[in-house]
Amino acid sequence: MDLSTINPVLLIASLMVAATPLLLAAIGELVVEKAGVLNLGVEGMMIIGAICGFAIAVETTNPYAGLLAAMVGGAVLSLLFAFLTQVALANQVASGLALTLFGLGLSALLGQNYVGIKPPAMSKLDLPILSDLPVVGPILFSHDPVLYIGIALTAATWAMLKYTRVGLVLRAVGENHEAAHALGYHVVRVRVLAILFGGACAGLGGAYISLIRVPQWTEGMTAGIGWIALALVVFASWKPWRVLLGAYLFGGINVLQLNLQAAGIAVPVEYLAMSPYIITILVLVIMSTDKSRAPASLGRIFHASQ
Amino acid sequence: MTTPLLSLQGLTKAYPGVVANDAVSFDIQEGEVHALLGENGAGKSTLVKMIYGLVKPDSGTMLWRGTEFAPSEPRQARATGVAMVFQHFSLFDALDVAENVALGMENPPPMRDLAQRIRDVSETYGLPLDPGRTVGDLSAGERQRVEIIRCLLQDPKLLIMDEPTSVLTPQEVEILFQTLRKLKSEGTSILYISHKLEEIRALCDHATILRLGKNVGSCTPATTSARDMAEMMVGSTLQTPTRSAAPDGSTLLKVTNLSAQSGKAFGTALKEISFAVKSGEILGLGGVAGNGQDELLAALSGELLTNADTIQIRGEAVGNLGPSQRRGIGVLAAPEERLGHAAAPNMSLIENALLTGAIRQGLTRNGFVNWRTTKAFAEDIITQFDVRTPGSDRAARALSGGNLQKFVIGREVLQAPDVLVVNQPTWGVDAAAAAAIRQSLMNLAAKGAAIVVISQDLDELMEISDRFGALNEGRLSAIRPTTGLTIEDIGLMMGGAHDMEAPGPVAEEATA
C-alpha cells in the first residue's frame, strides 16, 4: 500500500468532475420537486441526454451542439412525463418509473452505432497565469465549461427560489396547489415548465458523463446516478447549496475510494465501493435533522375542479 | 337617517330540499360591527357567501351605499371593498408571512417594502406578526392575522369574519377584538358571524339573528342579555321531552374526576368531569363546539387513555383500556367527524362495517376476515337504517353526509352496546333521518343501554335525554333532569353561569 501516490490536488480537481453530472441532475429535480412534482424518471432522462449529446457531438464534431442536443433530448422525454401527469393526471410514481425504463431502452437502441467511438473533446478553461498557479490553478481554473455551469446553476437556482417572484410562485404551487389556484396562479403551466427544466438539466448531466467524464458511449452508462440525484434532493432538504455539498461529498469519496483501491489498501473492494453512498447519506441525514420538510403538495395530483 | 353601507333586501337562496335563506333583510351601517347570530345550519354562511360573490341569490337585492350591488365573483366583491377572512385559511405553510401576503396581492411591492408595510400594519392594528416567520410555525391565531393583514392591505370597507374565534385561544381572541375595534373606529364596517353570545355582547353594535334561514329578530347586544339572545337563536318553543319516566337501572358508566389534556393542538383540556349514567338512561351533553366535546368522546371511547379508575363500566376500571378492548366489553362510540374519524373515506361500506364491528360481531377468525358475514352485517345496517346507497361495496365518501351518518350510527347501534357515546349524531342530517336516528337511540336505551349524547342541537337533547349537562371550557356543569328545564337554565349552564350577566371577561394580560 502506498498512499503517497494519491495527489490531493488532483483528487479535488477530479472529484469536482465526478460530482458534476450528479449536481446537474439533482438541481433539475430540486426545481421539479419544489413545484410539487415527483419525477422518478431522472435516470431515464439522463441516459437519453447522454446518447443524444454523444450522437450529435459525433455527427457534428461539435461538443457544444451535443450538449444542446442533450438538453433538448432530456426535455422532450420529460414532456412525455408532463403530459402523463399534468394533462392525463396519471400517477407520478408510476409515470416516472416508466420514463426511466423507457429511457434506458430507447438509449440502447439509439446508441447501437456509437459504441467504441471517441467523441470530440471539449476544450478546458485555460487562463494565462491563473490556470498555472500551483494548487489553486488545477482546482479552480482548469476545468471544462460545464462544470462551471453546474456551480452557476446552483447559485442561480438558489437565488431564483429565494428572491424572485417566479421562485415564490413555484414554491407556492408546490406547497399548496389548491390555494395557489384559488389565488389565480396557473398550477399546471408552472409545473410543466419546471418538469421541462428538470429534463434539460438531467439531459445535460447525462451528456457530461458521455462527452466529458468517461468519454465514450456504453449502454446504461449513467449507472444509477439519476437515482442518487433523487435521493440527494431529499437528503439535501430541497436546498440547492446542500445539493452541491452532497454531490461533492459523494464525488469526493467516490474518487478517494478509487484511489485507495489503486493504492492497494487492505480493505475489501466492496466496502470501498459502497462507502460513497453510506457516507453521503449519513452526512446529509445528520444535516437534515433541522426542521425542513418536503413541499406539501409533492407527488399529489392537481385538478382545477377540486 | 344615513344611507347604510350595505343593505340586504329580501335575499333568498334555496338548495334542493332546503331553503338556506328565506327573504333575509338587514342593513349594515358605516363603521359598525354587525353580528350575524345563529345556530349551525341557520344559514349564516350562505348569506355571507352571497355578499362575497361566491353564491348567487335566487331573489332579493343588495344595495352598496344606495346603488345596486350584485357581485358575480369574489374579485368583483373585493374591488368594491368587501374582504373576507374564512374559517379555514388559504395559506402556504412552508412560506414565510411576507411571501404569503405577497401571493395574495396583484402587484406586490418588493419584498423589503412589503415586510415594512406588514410591520406597519401589524403595529397600527396591534397584530404582532413577524413578516420573516414561517407560516407553518404559527399558531392558529397568528395564521389568522396573516389573512387579516392580507385583507387590510386591500383597504376594505366591509370586513366579513366567519366564526373567527373558533380556533383561537382567549388571549388571541382579545387581540383580535382590539384590532376589530380599531378598524371600526377608522370607519370600517365589520360583519361578524358567530354563535358565541359573550363575544357578540363584548364586541358588536347590532345583531341580526337567523334561525332556519329566516331573520327572526335583531337586537343591541350590549343591552340584551345572553339568555334573551339564546332564546331568539334557539327559538322559545323548545319541544317538550317525550321521555319522562326516569330509568331506574343500575349504574353502567361512571366517570370520576376525569381530567385530561387534549391530544390535539388547540384542543380543550378536560377538567374534573364526573357523571354517571344508568342502564336505560340517555344523558345529553350540550355546549358550544370546542369546549371539550371531542376530548370527552375520545376519553370515553378509549382513544385518550386515562387512569384506570376514572372511568368505570359496571364498577370495573377501564380508563386505561384502548378502543378495541372497550368494544369487547360493550362500550362503543360514534365520533362527530364522519369522514376520517368515524369512517375511512376510501373504503367500502363493508370494510367500514368491519372496522368497528369485527370484535362484537365476530367478523374475523384467526386473523382471517369472514367477508360473507361482514357483508351481511353491512347490509343489515343499510336496510335497518335506511341508508340510501346503490350497494354496500360503495366507498364511504360517495355517500351524502346524512346517509353516511345513518350508517355510522347504525353500525354502532346494531352491535347492541351496553354503553354508547355519540357526538353530534344528527349533524347535517335532514329532519326525517334525524328523527330516525333519535328514535333508534331511544330504542337502544329502552333495551337497557346507557347512552351519552353530545350535541349542539338543544332541541335534540331536550327531546331524547333524561338528564342534561353542559360542557364549558372542559368543565361539566351540574347535571339536571331535562323535565322542567327552562331555556334560561340551559343558557346559564352553557355559559358556565359565572359570565352570563356581564360582558365577557376581557383578558387584560393580552400581549405578544
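Start by selecting chain A of this predicted model: among its contacts with a separation of 6 or more, 79% link residues that stand 24 or more positions apart. Keep chain A on screen and colour it by secondary structure. You should find twelve helices and zero strands, so named along the sequence in the pattern α-α-α-α-α-α-α-α-α-α-α-α. Of the 306 residues in this chain, 47% count as buried.

**Stop 1: a helix pair in chain A**

Next, select residues 42-60 and 63-87 of chain A, which are helices α2(A) and α3(A). Two packed helices are described by the angle between their axes and the distance between the axes. Here the angle is about 145° and the axes lie 7 Å apart. The crossing of α2(A) and α3(A) is right-handed.

Which residues make the contact between α2(A) and α3(A)? Show side chains for these two groups:

- From α2(A): A:G44, A:M45, A:I48, A:G49, A:C52, A:G53, A:F54, A:I56, A:A57 and A:T60.
- From α3(A): A:P63, A:A65, A:G66, A:L67, A:A69, A:A70, A:G73, A:G74, A:L77 and A:S78.

Colour this set by class and you get twelve nonpolar residues, eight polar ones and no charged ones.

**Stop 2: where chain A touches chain B**

Now bring chain B into view. Eleven residues of chain A are in contact with ten residues of chain B. To find the chain A side, select 165-175 and 177-182 of chain A: these are α7(A) and α8(A), the elements that give two or more residues to it. The largest share, four residues, comes from α7(A). By class, the chain A side of the contact holds seven nonpolar, one polar and three charged residues. For the model as a whole, the scores are ipTM 0.76 and pTM 0.67.

**Stop 3: chain B in outline**

Hide chain A and look at chain B alone. Its secondary structure comes to 16 helices and 23 strands. Of its 512 residues, 47% count as buried. Among contacts in chain B with a separation of 6 or more, 68% are between residues 24 or more positions apart.

**Stop 4: a four-stranded sheet**

Within chain B, look for the open sheet with the order β12-β11-β14-β15, paired antiparallel. What stands at its edges? Strands β12(B), residues 270-278, and β15(B), residues 316-317, each have a single partner strand, so one side of each is left without a neighbour in the sheet.

Zoom in on β14(B), residues 311-313, which is joined to the antiparallel β15(B) by two bridges. Pick B:I313 and B:E316 to see one bridge pair: B:E316, in β15(B), is the bridge partner of B:I313.

Then add residues 293-301 of chain B, helix α9(B), which lies across β11(B) (251-260), β12(B) and β14(B). The helix runs at about 60° to β12(B).

**Stop 5: where to read with care**

Finish by colouring chain B by pLDDT. The mean is 82, and 88% of the residues reach 70 or more. Two stretches to select are these:

- Residues 237-241 of chain B have pLDDT below 50, with eleven contacts in the model beyond near neighbours in sequence.
- Residues 498-512 of chain B also have pLDDT below 50, with 23 contacts beyond near neighbours in sequence.

Where pLDDT is low, the predicted coordinates should not be read in detail.

Key:
Residues numbered from 1 in each chain as written. Chains lettered and ligands numbered in written order. Predicted model: local features only at pLDDT ≥ 70, side-chain atom pairs only at ≥ 80, totals over all residues. Pairing = 2+ DSSP bridges. Contact = placed C-beta atoms within 7 Å. Axes fitted to C-alpha atoms, helices over the stretch in contact; angles between N-to-C directions. Left-handed = near helix turned anticlockwise from the far one by under 90°. Nonpolar A, V, L, I, M, F, W, Y, C, P; charged D, E, K, R; others polar. pLDDT = per-residue confidence, 0-100. Buried ≥ 20, exposed ≤ 12 C-beta atoms within 10 Å, placed from the backbone.
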